[in-house]
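Hi,

Here is the structure I promised to pass on. Have a look at it first, and my notes follow below.

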Number of protein chains: 2
Amino acid sequence: MAPLFHPSREDITLAGVLSALADPMRLRIVKSLMQQNDCMSCIEAAPCPDIPKSTLSNHFRILREAGLIQTTKKGVEHRNVVREADINARFPKLLKTIVGYAE
Amino acid sequence: MAPLFHPSREDITLAGVLSALADPMRLRIVKSLMQQNDCMSCIEAAPCPDIPKSTLSNHFRILREAGLIQTTKKGVEHRNVVREADINARFPKLLKTIVGYAE
DNA sequence: TTCAATTGTTCAGAACTAGTGAACTATTGA
DNA sequence: TCAATAGTTCACTAGTTCTGAACAATTGAA
């Protein structure tokens, strides 16, 4: 399987971050990942259980390619964590401000 | 002609604001409107002169419907201004943080 | 080893959205 | 009355998103 793509810190763009977070489901995923202070599988981080997994997989790909999350394979599941340091280095306070308004 | 639609302050959503600002052209429009401290016509606020006017009109509609700008007719042109007070009331610091990172 | 269960990706088609030229409306000034 | 200007609306095309189905990888049990 092709390795999962993650942009380097410098390649994280404002437009990419904003459009990734503009989707309510993705914003809730990021919020729960940040609250967890730990890695979560895609299913654990999903905001509700009845989302088709192809849809969920797509949302995680968008978050990953925007540079918002880091995904590593661990056994059968993918562990996800928010790249807070990278986002904060690039756009200080942006992530906290936006996620703070997430329901 | 139908009057231009503007959402009330309470109807401004985070997702609407983020997806409106996720487009680089719209973000630049908002930034130049904020720097101007005055109303601007659509053409004045456009980031470059060769944008088709239907495209420009569409971007202004999206900004308007997201609650980011207030548009009023004045003679032959439309004067636009950012609804800073409304956005700040709804999502304090959000606008300034995002626009601060606009190129 | 083999098989089933679990987690997630990829593919393809349907539904939706965005960009744009052309036609249109409204206002102004000559 | 006519031309010029500023925007909107329409229709078409191109591209994106959502989703079910098929697939791949890992694990644990028989």
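Between them, chain A and chain B bury about 1200 Å², with 80% of it on carbon and sulfur atoms (buried area is the accessible area, with a 1.4 Å probe, that two parts lose on being put together, summed over both). Please keep in mind that this is a predicted model, where local features need pLDDT of at least 70 and side-chain atom pairs count only at pLDDT 80 or more, while totals for chains, interfaces and linings use all residues. Residues are numbered from 1 along each chain as its sequence is written, chains are lettered from A in the order in which they are written, and side-chain values use heavy atoms, leaving out hydrogens and water.

On to who touches whom. Chain A gives 17 residues to the contact and chain B gives 16 residues, with contact meaning heavy atoms within 4.5 Å. Zero salt bridges turn up across the interface (a side-chain nitrogen of Lys or Arg within 4 Å of a carboxyl oxygen of Asp or Glu). On the side of chain A that touches chain B, H1(A) provides the largest share, five residues. That side has 13 nonpolar, two polar and two charged residues (Ala, Val, Leu, Ile, Met, Phe, Trp, Tyr, Cys and Pro count as nonpolar, Asp, Glu, Lys and Arg as charged, and the others, Gly among them, as polar).

How do the copies relate? A turn of 180 degrees and a shift of 0.0 Å along the axis lay chain A on chain B with an RMSD of 0.0 Å, superposing by least squares on the C-alpha atoms of residues with pLDDT of at least 70 in both. This is the relation of a two-fold axis. Of the interface residues of chain A, 94% are also interface residues in chain B, so the copies meet through the same surface.

Best wishes

Notes
Helix = DSSP H or I, 4+ residues; strand = E, 2+ residues; numbered from the N terminus.
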